[in-house]
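Let's take a walk through this model together, starting with the empty space inside and then turning to the sheet. Keep the structure open beside you as you read.

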Amino acid sequence: MANINDHHVELIKQPIFILSCVRSGSTMLRCIVDTHPNLCSPGHLSLGPLCANLYATTYYSLGKLPDMETEEQRDQLAVNETRRVVEDILGRYTRGKGKKNWCEKSTVNIDYLKILTKVFPQANYICLYRNCLDVAYSSIKFSPLGYMDELASYVQKHPTNLVAAMMDNWLDKTGKLMAFEQAHANQCIRINYESLVRQPEQILAKLFDFLGEPWDESLIESIFQVPHDQGEGDVKVWFSGKINKDSIGAGTAIPLTAIPDQLMVEINGLHQQLGYPTIETFYAEQQGSDEQTLHDLDLNDFFQNRFLQNTAARMDQFSRLRGVCKFAITGLKGGIWIIESHSGGLTLKEEGDPCDCTIATTYSVFCELIDGRKTAVSAYEQGEITGDGNVILALEFGRLLFGGS
């Protein structure tokens, strides 16, 4: 094995970068790459910001010496010095691991592609995509007590709607990645998270063929058995024993009405280009399969009969409740139901009538709420039910429908 302190490292191939939005499976993919006998992939190194800072440091120091007479000379010097420093560090790391090439996966690199392509013009890029709904849901669930730096600006932009914040991040990063992939098609391979976890043998065979590396299906069995250097990223991978596909479709727990109309249009546009279904179709497909396991609750019957009858005895507790509430329930068995509360009780109104507030959830969550398997408080805390418009009025209608005093 070469001396780890050898400063003259010549890598066999150009480096590899995994490019993705946060919560898209990049930690799992880098562990897969790291399992290959010829490749190593450390945790987040944030090479994009490092290269930008090294370039600026060199340009404004050595680049200002008297022998640097032209802009082209200063630029080339800064690029060469940046490449030398990074290749020295990563080359020594790679050789110390007994491998031949390295792969970097920091999600922040999407914002530094211009400098990365200058420093490593022949690098290979793995462009990893994931359905927007699942990314948004995973981003919210992963860090409910705070958000990573990459997401903070989007939360600041959408402080009252974290779903919109996470989806805005996905739109921004995915748009940049798709544009980069198109401009550097010969250096990029597209991987969809969903295909990777559903068909790992097929997808990984194509990936390592693109990278010019031999492929052996036994590698899949070794992913969670061999040690990997830990770093920032999804901690779940360290507790996994296999490639898991259970999280596909989890994003449909987000009420459809939590997604702003404009964002939905933009997301559907990128989804179409990536081969994903529209958001509406995704909800229908995913929840359609989920609903097969649920008892057959007829929502038309529930709202037209059971709801009006069952709440009549409790209306004395809500004698001051006045207004119109829309119940928006997504799923194949879902729909829109509008209830008006007035001095004479409750009346079911026609869809399209103006409303004061909206309560939105999914069919599966609604069934759990009605059956008492889930409380409205826990559903709200988990982002599975939302209120819009006159929120105080929505809360009162929620108490009326789901119980509570």
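**Inside the model**

The largest cavity in this predicted model has a volume of about 50 Å³. A search of the whole structure finds 2 cavities of 30 Å³ or more. Rolling a probe the size of a water molecule over the atoms is what reveals empty space of this kind.

What lines the largest cavity? Its walls are formed by S20, C21, S24, I110, L128, Y129, R130, W170, K173, T174 and L177. By character, these lining residues divide into 6 nonpolar, 3 polar and 2 charged. Two elements, β4 (124-129) and α7 (162-183), each contribute at least two residues to that lining. The largest share, 4 residues, comes from α7.

Now follow β4 out of the cavity lining and into the sheet. Here you will find an open sheet of 5 strands, with parallel pairing and the order β2-β3-β1-β4-β5. At its edges stand β2 (39-40) and β5 (188-192), each with a single partner strand, so one side of each is left without a neighbour in the sheet. In general, strands of a sheet pair through backbone hydrogen bonds, either parallel or antiparallel.

Look next at the β2 edge. Strand β2 is joined to β3 (residues 101-104) by 2 bridges, and the two strands run parallel. Which residue of β3 is the bridge partner of C40? That partner is W102.

Finally, find helix α1 (residues 26-35), which lies across β1 (16-20), β2, β3 and β4. Relative to β1, helix α1 runs at about 160°.

Conventions
Residues numbered from 1 in each chain as written. Predicted model: local features only at pLDDT ≥ 70, side-chain atom pairs only at ≥ 80, totals over all residues. Heavy atoms only, no water. 1 Å grid on protein atoms, 1.4 Å probe; cavity = no way out; pocket = protein on both sides within 12 Å on 5 of 7 lines; lining within 4 Å. Points joined across faces, edges and corners; volume = space filled by probe spheres on them. Nonpolar A, V, L, I, M, F, W, Y, C, P; charged D, E, K, R; others polar. Pairing = 2+ DSSP bridges. Contact = heavy atoms within 4.5 Å. Axes fitted to C-alpha atoms, helices over the stretch in contact; angles between N-to-C directions.
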